[in-house]
Amino acid sequence: MIRILIRDKLFMLGFLFISILLLLSLLNSIINDGSIRQVPILFDKNGNVIGTPPFAPSLRFPLGTDRNGYDMLHMMIQGAKFTIGIALLIMMLRMALAIMIGGTLGVYCKKWIPNVN
């Protein structure tokens, strides 16, 4: 089954995307101590004010910034571990509940389940 999943291009694309996002999020917590880049005022080389937040998406800020100057890409990367972790926790709880309900029905309610043989 693992061989089939490895050959599936869409599965591998999604798996790699989530894995890289989770890895970047964990590395951001380790390297940057979980801080998010903030640029309250943007200056040019001469010290003149170029602009104030929110900044539109550009090469410097790929997803732009919010009203306080926090980089949206860094915010997304920092929050990815929480989102993925909560999704995995909910998945495990749903599986545990399904196993308990299925096991109970399979043991105690056999007369209600049609015989497939």
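**Overall form, a nonpolar patch and two buried polar residues**

The accessible surface of the protein amounts to about 9800 Å², and carbon and sulfur atoms account for 71% of that area. The model discussed here is a predicted one. Of the 117 residues in the protein, 16% are buried.

The overall dimensions fit into this picture as follows. Along the principal axes, the C-alpha trace spans about 80 × 30 × 25 Å. The radius of gyration is 24 Å, whereas a compact globule of 117 residues would have a value near 13 Å. As for the fold itself, the secondary structure consists of 3 helices and 2 strands, and these elements follow one another from the N terminus in the order α-α-β-β-α. Where contacts between residues at least 6 apart in sequence are considered, 38% of them join residues at least 24 apart.

Turning to the surface, a nonpolar patch is formed by Met1, Leu5, Phe11, Phe15, Leu16, Ile20 and Leu24, which together have about 680 Å² of accessible area. Helix 2 is the main contributor to this patch, giving 5 residues. Another member of the patch, Leu5, is found in helix 1, which covers residues 2-7. With a relative accessible area of 30%, Leu5 counts as partly exposed, because this value lies between the 20% and 50% limits.

Helix 2 also holds residues that are hidden from solvent, and Ser25 is a good place to start. Ser25 lies in helix 2 and is buried, its relative accessible area being 0%. The side chain of Ser25 has two polar partners in the backbone elsewhere in the chain: a polar atom of this side chain lies 2.8 Å from the backbone oxygen of Ile77, and the side chain also reaches the backbone nitrogen of Lys81 at 3.3 Å. Beyond the residues up to four places away in sequence, Ser25 touches Ile77, Gln78, Ala80 and Lys81.

Asn28 offers a companion case. Its place is likewise in helix 2, which runs over residues 9-31. Asn28 has a relative accessible area of 8% and is therefore buried, the limit being under 20%. Once neighbours within four places in sequence are set aside, Asn28 is in contact with Asp33, Gly34, Ser35, Ile77 and Gln78. Ile77 and Gln78 thus appear among the contacts of Ser25 and among those of Asn28.

How values were computed:
Residues are numbered from 1 along each chain as its sequence is written. This is a predicted model: local features need pLDDT of at least 70, side-chain atom pairs count only at pLDDT 80 or more; totals for chains, interfaces and linings use all residues. Side-chain values use heavy atoms; hydrogens and water are left out. Helices (H or I, at least four residues) and strands (E, at least two) are DSSP runs, numbered from the N terminus. Buried means under 20% relative accessible area, exposed over 50%, partly exposed in between (1.4 Å probe, protein chains only). Contact means heavy atoms within 4.5 Å. Patches are made of residues with over 30% relative accessible area and no salt bridge: like charges are joined within 9 Å, nonpolar side chains (Val, Leu, Ile, Met, Phe, Trp, Tyr) within 5 Å. Accessible areas come from the Shrake-Rupley method with a 1.4 Å probe; for residues, only the protein chains shown count as cover. A salt bridge is a side-chain nitrogen of Lys or Arg within 4 Å of a carboxyl oxygen of Asp or Glu. The radius of gyration is taken over C-alpha atoms; the globule rule is 2.2 Å times the number of residues to the power 0.38. A polar contact is a pair of N or O atoms within 3.5 Å; within protein, one must be able to donate a hydrogen and the other to accept it, and residues adjacent in sequence count only if both atoms are side-chain atoms.
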